[in-house]
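The following exercises concern a predicted model. Each task is followed by a solution in steps.

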Amino acid sequence: QVQLVESGGGLVQAGGSLRLSCAAPRSVRSINAMGWYRQAPGKERELVATITSGGTTNYADSVKGRFTISRGNAENQVSLQMDRLKHEDTAVYYCTAAVLRVGSTFYQYWGQGTQVTVSS
């Protein structure tokens with residue numbers, strides 16, 4: 001199975017920062033957008049941030065102004081800079097890439113998830 005490769009999770013104190021990175025295999029082409037989801041204990045998976053191939057970004061209201069999503073050096077890379085972290089940000093973060101296929105259909109690739117824990 002093709003998976004995105006994630007890194008950068010860890011334990012940080014409230015108010016601190018972490019940077020998550022994600023890369024799709026080079027075999028994955030025509031990526032329309034990449035983004036990050038997260039799932040906290042007892043919560044449903046929610047969208048955190050997205051960035052299109054053209055650089056347009058969108059953020060969940062809960063992270064707006066604190067998180068910054070950006071593309072990496074390569075088209076298949078994306079990062080999430082998380083600043084002023086709160087305990088509520090504690091979750092498993094999943095990277096995703098949306099690929100446009102022939103026939104105008106989309107397929108999403110997913111990372112394995114990386115744990116972000118923010119202490120109170």
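**Exercise 1. Strand β3 and its partners**

Determine how strand β1 pairs with β3, how β3 pairs with strand β8, and how the side chains of β3 are arranged.

*Solution.*
- Step 1. Strand β1, residues 5-7, runs antiparallel to β3, and three bridges join the two. Within this pairing, Ser7 has Ser21 of β3 as its bridge partner.
- Step 2. Strand β8 covers residues 77-82 and is also antiparallel to β3, with six bridges between them. Here Arg19 stands opposite Gln81 in β8.
- Step 3. The side chains of β3, residues 18-23, alternate along the strand. Leu18, Leu20 and Cys22 are directed to one face and are buried. Arg19, Ser21 and Ala23 are directed to the other face and are not buried.

**Exercise 2. The disulfide**

Identify the cysteines that form a disulfide, and establish its handedness and its surroundings.

*Solution.*
- Step 1. A pair of cysteine sulfur atoms counts as a disulfide within 2.5 Å. The sulfur atoms of Cys22 and Cys95 are 2.1 Å apart, so the pair meets this cut-off. By this rule the count is one disulfide.
- Step 2. The bond links distant parts of the chain: Cys22 belongs to strand β3 and Cys95 to strand β9 (residues 91-101), 73 residues apart.
- Step 3. The torsion about the S-S bond is about -90°; the disulfide is therefore left-handed.
- Step 4. Buried means under 20% relative accessible area. Cys22 has 3% and is therefore buried, and Cys95 has 0% and is likewise buried.
- Step 5. Leaving out residues up to four places away in sequence, Cys95 touches Leu4, Glu6, Cys22, Met34, Gly35, Trp36, Val78, Tyr109, Trp110 and Gly111.

**Exercise 3. The hairpin of β7 and β8**

Describe the pairing of β7 with β8, and state where Asn76 lies and what its side chain reaches.

*Solution.*
- Step 1. Strands β7 and β8 pair in the antiparallel sense over five bridges. They form a hairpin with five residues between them.
- Step 2. Across this pairing, Thr68 stands opposite Gln81 in β8.
- Step 3. Asn76 is placed in the loop between β7 (67-71) and β8. Its relative accessible area is 12%, so Asn76 is buried.
- Step 4. The side chain of Asn76 reaches the backbone oxygen of Ala24 at 2.4 Å.
- Step 5. Apart from neighbours within four places in sequence, the contacts of Asn76 include Cys22, Ala23, Pro25, Arg26, Ile31, Met34 and Arg71.

**Exercise 4. Arg66: buried or exposed?**

Classify Arg66 as buried or exposed, and list its contacts.

*Solution.*
- Step 1. Arg66 lies in the loop between β6 (57-59) and β7.
- Step 2. With a relative accessible area of 6%, Arg66 is buried.
- Step 3. The side chain of Arg66 reaches the backbone oxygen of Ser62 at 2.9 Å.
- Step 4. Beyond its neighbours within four places in sequence, Arg66 is in contact with Gln81, Met82, Asp83, Arg84, Leu85, Lys86 and Asp89.

**Exercise 5. The largest nonpolar core**

State how many residues the largest nonpolar core has, which of them have the most contacts inside it, and which strands supply it.

*Solution.*
- Step 1. The largest nonpolar core has 29 residues. Trp36, Leu80, Met82 and Tyr93 have the most contacts inside it.
- Step 2. At least two residues of this core come from each of β3, β4 (31-39), β5 (46-52), β7, β8, β9 and β11 (114-119). The largest share, five residues, is supplied by β9.
- Step 3. For Met82, the residues touched are Gly16, Ser17, Leu18, Leu20, Arg66, Phe67, Tyr93 and Val116, when those up to four places away in sequence are not counted.

**Exercise 6. An aromatic pair**

Classify the ring pair of Tyr107 and Tyr109 from its geometry, and give the accessibility of each residue.

*Solution.*
- Step 1. Two aromatic pairs are found in the whole structure. In one of them, the ring centres of Tyr107 and Tyr109 are 4.8 Å apart and the planes stand at 75°, so the pair is edge-to-face.
- Step 2. Tyr107 has a relative accessible area of 35% and is partly exposed, whereas Tyr109 has 16% and is buried.

Technical notes. Residues are numbered from 1 along each chain as its sequence is written. This is a predicted model: local features need pLDDT of at least 70, side-chain atom pairs count only at pLDDT 80 or more; totals for chains, interfaces and linings use all residues. Side-chain values use heavy atoms; hydrogens and water are left out. Buried means under 20% relative accessible area, exposed over 50%, partly exposed in between (1.4 Å probe, protein chains only). Helices (H or I, at least four residues) and strands (E, at least two) are DSSP runs, numbered from the N terminus. Two strands pair if DSSP finds at least two bridges between them. A polar contact is a pair of N or O atoms within 3.5 Å; within protein, one must be able to donate a hydrogen and the other to accept it, and residues adjacent in sequence count only if both atoms are side-chain atoms. Contact means heavy atoms within 4.5 Å. A nonpolar core is a set of buried Ala, Val, Leu, Ile, Met, Phe, Trp, Tyr and Cys residues joined through side-chain atoms within 4.5 Å. Rings of Phe, Tyr and Trp (its six-membered ring) pair if their centres lie within 6.5 Å; planes under 30 degrees apart count as stacked, over 60 as edge-to-face and the rest as tilted.
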